[in-house]
Amino acid sequence: MRARRFLTALAATALTALALPADASAALPKHQLTGYWQNFVNGAKPLRVSDVPNDYDVIALAFAEADPARPGAVTFGVDPELAGKLGGYTDDDLKADIAAKKARGTTFVLSVGGEKGNVDLSNDANVTNFVDSVGKILTEYGINGLDIDLEHGFNVPNTAKAIRQLRDRAGDGFVLTMAPQTLDVQPGGSYLELIDSVKDVLTVVHTQYYNSGTMNGCDGKVYSQGSVDFITAQACALLGKLRPDQVSLGLPATPSAAGSGYVEPAVVNAALDCLTSGANCGQYKPDARHPELSGVMTWSINWDVTDGGSFSGPVRKHLNELP
């Protein structure tokens with residue numbers, strides 16, 4: 001993931017309860033398209049949330065920022081540079097855009113981490129600061145839940161503790177997503193341990209099948225990124241651990257969106273077919289079919305829009321055609 005800044009940071013005020021919609025996760029479509037909205041400026045087209053195409057079912061707001069005054073705590077608001085590029089875009093504008101999208105059925109998660117982000121949950125005080133700050137942001141902006149995109153290591157027990165505290169405050173409406181790198185869901189990976197700890201409250205995991213290099217598949221063979229086999233032969237590992245509706249496929253929207261691993265939407269759709277119905281597979285053939293597979297995630301919505309919706313258009317259409 002591309003990130004700008006992020007977390008490191010202690011507070012002590014306890015939040016009471018989160019004002020989240022009841023059972024928001026139940027409103028997710030069977031096959032979802034998730035995308036990351038960039039709250040920063042790079043080579044992609046700057047976007048208001050209102051500019052996000054309606055093809056996206058879940059929007060991950062990327063990313064929360066460090067609160068330098070409080071270890072473990074995070075802050076969130078419209079990036080000043082982004083606001084300037086958009087000719088003025090305020091926090092109230094963002095809140096209104098989120099509310100309008102939610103009225104159409106879109107789900108939002110607050111993403112923490114990214115390419116450069118980190119979070120220090122090494123002690124209980126930091127966990128409290130994280131939970132209180134995230135909870136306040138979710139309530140203030142009307143965000144449905146949390147996306148864990150930590151790419152530089154994290155304290156697994158304390159991260160699980162923070163997630164459960166947020167879930168307890170929010171109730172059944174809390175949406176929890178994760179975006180591990182491929183290495184992190186190989187045997188011994190930190191995300192596998194975290195997933196085991198919270199899978200009863202986990203909505204979906206969308207592994208990043210890019211910026212990876214070669215990886216071992218479930219059949220013991222080594223696969224290179226950029227192929228149907230690279231995706232399907234690794235997805236089986238999570239499909240053996242989670243329900244199919246908790247597993248999604250993460251791919252870059254354009255070649256510019258990632259350092260490596262971009263595949264054409266036709267390859268993404270072939271991987272969906274292979275995993276859900278056994279059709280259009282490469283060398284790797286799954287042992288079972290998983291028609292309940294959750295869907296696809298892309299980094300990023302901005303790069304997709306920059307390229308005229310070249311990713312979301314064909315992938316959304318194919319998701320709609322799945323059983």
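1. Start with a pair of helices in this predicted model. Two packed helices are described by the angle between their axes and by the distance between those axes. Helix α6 covers residues 228–239, and it packs against α7 at an angle of about 40°. The two axes are 9 Å apart. That angle makes α6 oblique to α7. The crossing of α6 past α7 is right-handed.

2. Which residues of α6 and α7 make the contact? On the α6 side they are V228, I231, T232, A235 and L239. On the α7 side they are V267, A270, A271, C274 and L275. Look at the numbering as you trace them. An α-helix has 3.6 residues a turn, so residues three or four places apart point the same way.

3. Next, see what α7 lies on. Helix α7 lies across two strands, β11 (247–252) and β12. Relative to β11, α7 runs at about 165°.

4. Strands β11 and β12 belong to a barrel. The barrel is closed and has eight strands, in the order β1-β2-β5-β6-β7-β8-β11-β12, with parallel pairing. From one strand to the next, the twist averages 25°. Follow the order in the structure above, strand by strand.

5. Strand β1 deserves a closer look. Is β1 enclosed or open? Seven of its seven residues are buried, so β1 is largely enclosed by the rest of the structure. Q32, T34, Y36 and Q38 point one way from the strand. L33, G35 and W37 point the other way. Both sets are buried.

6. Now the partners of β1. On one hand there is β12, which pairs with β1 in the parallel sense over four bridges. On the other there is β2 (residues 58–62), which runs parallel to β1 and is joined to it by five bridges. G35 is a good residue to find. Its bridge partner in β12 is T298, and its bridge partner in β2 is I59. Further along β1, Q38 has A62 of β2 as its bridge partner.

7. A62 also takes part in an unusual peptide bond. Most residues other than glycine have a negative phi, and most peptide bonds are trans. The bond from A62 to F63 is cis, with omega near 5°. F63 lies in the loop between β2 and β3 (65–66). A second cis bond runs from W299 to S300, with omega near -5°. S300 sits in the loop between β12 and α8. Check both bonds in the structure.

8. Two asparagines need a look at their backbone angles. N211 is not a glycine, yet it has a positive phi of about 50°. It lies in the loop between β8 and β9 (215–216). How accessible is N211? Its relative accessibility is 37%, so N211 counts as partly exposed. N280 is not a glycine either, and its phi is positive at about 60°. N280 is found in the loop between α7 and β12.

9. Move on to helix α9, residues 312–321. Its buried residues are S312, V315, R316, H318 and L319. Why do they count as being on the same side of α9? They cover an arc of only 165° around the axis, which places them on one side of the helix. The face turned away from that buried side carries the exposed residues K317 and N320.

10. What covers the buried residues of α9? The cover includes two strands, β1 (32–38) and β12 (295–299). It also includes two helices, α7 (265–277) and α8 (301–306). Several of these elements appeared above. Revisit them from the α9 side.

11. Last, a residue in a loop. V201 lies between α5 (190–198) and β8 (204–208). Is V201 buried or exposed? Its relative accessible area is 12%, and buried means under 20%, so V201 is buried. Leaving aside neighbours within four places in sequence, V201 is in contact with I163, R164, R167 and L176. D172 is 29 residues away from V201 along the chain. The C-alpha atoms of V201 and D172 are separated by 8.6 Å.

Note on methods: Residues are numbered from 1 along each chain as its sequence is written. This is a predicted model: local features need pLDDT of at least 70, side-chain atom pairs count only at pLDDT 80 or more; totals for chains, interfaces and linings use all residues. Side-chain values use heavy atoms; hydrogens and water are left out. Buried means under 20% relative accessible area, exposed over 50%, partly exposed in between (1.4 Å probe, protein chains only). The arc is that of the directions from the helix axis to the C-beta atoms. Contact means heavy atoms within 4.5 Å. Two strands pair if DSSP finds at least two bridges between them. Axes are lines fitted to C-alpha atoms, for helices over the stretch in contact, and angles run from 0 to 180 degrees between N-to-C directions. Angles under 35 degrees count as roughly parallel, over 145 as roughly antiparallel, 65 to 115 as roughly perpendicular and the rest as oblique. A crossing is left-handed if the near helix is turned anticlockwise from the far one by less than a right angle, and right-handed if clockwise.
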